[in-house]
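Okay, everyone, thanks for coming. Let me put the chain up on the screen and then walk you through a few spots.

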Amino acid sequence: MKKRSNFGYYFLLIVIFGILFSRIIYLNQSKHEHYQNLLKAQTEVYVLGSSAPRGRILDTKGRVLVDNTLINQIAYHKISSFGFEEEMKIAETLLTIFEVEEASESRLREYYVQKNKKLVEEYITNEERQLYEERKLSLETLEKYKRERISTDVLNDLSHHEKMLAELYARMNEGYAYQNKILLKEADEKIVAEVFEKNITGVFVHESWKRIYPYGETLKSFFGSVQVGIPLEKKEEFLEKGYALNDTVGISYLEQQYEDYLKGEKAVYFVNADKSLSLHQEAKRGNDLVLSIDIDLQLLLENTIKETLLRVKKMPNTEFLKESYAVIGNPSTGAILAIAGERILAGQINTFQEVSVNTILSSFTVGSIVKGASHTVGYLNGVIELDKKIKDSCVKLYLNPEKCSYKELGYLDDITALKWSSNYYQFLTAIKLAGKKYSYNMKLEASEDVFQKYRSVFAMYGLGSLTGIDLPNEKNGMIGKTLSDDLLLNLTIGQYDTYTPVQLLQYMNTISSNGKRYSLSFMKEIRNNQNEVIHTYEPSLLSEIPLDGSYYNRIREGFRQVLYNGTGSGYVSREISAYGKTGTSESFYDANSDGRVDTKTISSTFAMIGPAKNNSYSLAIVTPNLSHYDGVKDYTAPFNRYISNQISEYLLNYEIV
């Protein structure tokens, strides 16, 4: 019994030692690299450099619209042994080379505390010191008290020079100790030469970049802006993505929308024992954003609007005309090919302001251009009898003035009603939709439900709903809140709610695609630094109108007749098999700039679908305050016709890339 127990004991020891030995071998051989990496992670420190160059923005043919250019910055790398006095000497020397703005109040307070350490100690009471010793107050709280108790008068008495010193001191101490601090964002050659000449300890010239625009102001408002420093309202969002507080980020429009693609990949540095940095991984430029914009077509559109403004301003009744907007798109994909807005600056007849961003921000009453959508409401609700002719006339509702078409148009069916833009036809459709039969001086008693039937269909076309365009801050049009019989009739002919130019484009696109409404987009694709496509635009289907294609054939035929011998005759060459619709609306203008609209004006719109070599294009034009009523002359210049003719001629053989 004794021998057996000893054998078991030794066997157990052998097994335990075997397990331990095999575990040691496993850790030493198989996990050696793993634990080496863990040790390295604990003992080695890597930091990121400043923001890398952003990706470029290109047009559809690869031409550069937004690029980067190198700039020199004056930077400071903190010396671990330097305190306030040493850094003030550096700041004094720098102020002999360049100036900076005065420090903010919070920075002045921090500077004052550092400069007057003994004096500000008196700002802390004995009771507060006692609480600190009892650990009832933190050191951070005491420092906060010191800053807060500096008199504003004391800060105001600081000289301009000292306030600049405070600003430089703040810049020298932002962020972590091992990070390079940017003291001057852009330095010219003279400043760079002086910095090199004076050889200031810790101060060096740092290469960075800024955005440049080879085509000047063209599309600049759509490109958006970048800024150094992440927006405070998005601080947490950016920090979670790994941004530093002083990174350069896109803050508006395309720069903001495609920030995740455009941002560069920062350089990585190893922090040496003496806090100096060694390059570990070079910075990489961000991905390129390729737009559907064709810069040749864009420049043609801008110049055509400018030339037309100058031409028409010489004609009667154009005192209040100052701007026009136009958008060209690919109706099958929703791609934006060109988009422009030009405004004549007051008192400077040959000087223009680029205001293309108003195509997504500003809305207008657009007039009869909406009648394709109004017909759709009638078709969907079975209140339009196909091919039935009615004689154009006027409608007189109770307590409202008579409402007519712009002239007597004779007998009309649904197609010729579009061709000649009959208001009467739309009025009768609305009355039937309300469940009534027209009689002179009748009370229509239009309900909210009838308004909603129109607006829901209009919205499915994009009229009164966001287009899904790939830009932040797109605005919707204004939807009227008041319900009345007269306003219902106005709604059917585009004289009540307001719509943006891009909504008009999407409306025409939707007619082209038999009721399928696709999102609009500037982005064609994203390319990496090797020029490889890593992402392409895919249009989103936003809504689909449940209307049979045969009805769309009727709408398109009506719009075709508009251009060939209807209200849009002369807008497009007869060589082009196109269809479209004109619109005229009453608008109002603040003639004396007192903040109140006081002058009745006429605004003009036009939208069309036309062919290209293998595809089609869509065009929408909005020209506010083109003419006005002066009681004598009723002349309205053919502004949109001039633009449509030039653009459609150019696009006759255009091939979408």
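Let's start in a loop: the one between helix H10 (189-198) and strand S5 (203-212), which is where Asn-199 sits. And before I go on, this is a predicted model. What is the phi of Asn-199 like? It's near 50°, so a positive value in a residue other than glycine. As for cover, Asn-199 counts as exposed, at 65% relative accessibility.

There's another asparagine to put beside that. Asn-473 is in the loop between helix H20 (448-461) and helix H21 (485-492). Phi is positive here too, near 75° for Asn-473, again in a residue other than glycine. With a relative accessible area of 45%, Asn-473 comes out as partly exposed.

Okay, let's zoom out. The protein chain has 24 helices and 24 strands. Its radius of gyration is 35 Å, and the globule rule gives 26 Å for 657 residues; 35 Å is well over that, so the chain is more spread out than a compact globule. If you'd like dimensions, the C-alpha trace spans about 115 × 90 × 55 Å along its principal axes.

How many of the residues are buried? Of the 657 in the protein chain, 49% count as buried. Take the contacts between residues at least 6 apart in sequence: 71% of those join residues at least 24 apart. The accessible surface of the chain is about 32,600 Å², and carbon and sulfur atoms account for 50% of it. On charges, there are 77 positive and 84 negative ones, and their mean positions are 5 Å apart.

Now two helices. Helix H22 covers residues 501-512, twelve residues. From first C-alpha to last, H22 reaches 17 Å, close to the 16 Å expected at 1.5 Å a residue. Is H22 mostly enclosed or open? Eleven of its twelve residues are buried, so H22 is largely enclosed by the rest of the structure. Among those buried residues are Pro-501, Val-502, Leu-504, Tyr-507 and Met-508, along with polar names such as Gln-503 and Asn-509. After H22 comes Asn-514, with a positive phi near 55°.

The other one is helix H15, residues 295-312. Its 18 residues should span 26 Å at 1.5 Å a residue, and the end C-alpha atoms are 25 Å apart, which agrees. Its buried residues include Ile-295, Leu-301, Ile-305, Leu-309 and Val-312, and Glu-302 is on that list as well. What do the buried residues of H15 pack against? Quite a list: strand S3 (64-77), strand S11 (323-330), strand S12 (335-344), strand S13 (352-354), strand S24 (616-628) and helix H24 (639-651).

Last stop, two more loop residues. Ser-421 is in the loop between helix H18 (414-419) and helix H19 (423-433). Buried or exposed? Ser-421 is buried, with a relative accessible area of 6%. Leaving out residues up to four places away in sequence, Ser-421 touches Ser-368, Lys-371, Tyr-406, Leu-409, Thr-567 and Lys-581.

Glu-122, in the loop between helix H5 (117-121) and helix H6 (126-133), is exposed, with a relative accessible area of 64%. And how far apart are Glu-122 and Asp-157? They're 35 residues apart in sequence and 20 Å apart in space, C-alpha to C-alpha.

That's my tour; over to you for questions.

Methods. Residues are numbered from 1 along each chain as its sequence is written. This is a predicted model: local features need pLDDT of at least 70, side-chain atom pairs count only at pLDDT 80 or more; totals for chains, interfaces and linings use all residues. Side-chain values use heavy atoms; hydrogens and water are left out. Helices (H or I, at least four residues) and strands (E, at least two) are DSSP runs, numbered from the N terminus. The radius of gyration is taken over C-alpha atoms; the globule rule is 2.2 Å times the number of residues to the power 0.38. Buried means under 20% relative accessible area, exposed over 50%, partly exposed in between (1.4 Å probe, protein chains only). Contact means heavy atoms within 4.5 Å. Accessible areas come from the Shrake-Rupley method with a 1.4 Å probe; for residues, only the protein chains shown count as cover. Lys and Arg count as positive and Asp and Glu as negative; His and the chain ends are not counted. The place of a charge is taken as NZ of Lys, CZ of Arg, CG of Asp or CD of Glu. The expected span of a helix is 1.5 Å times one less than its number of residues.
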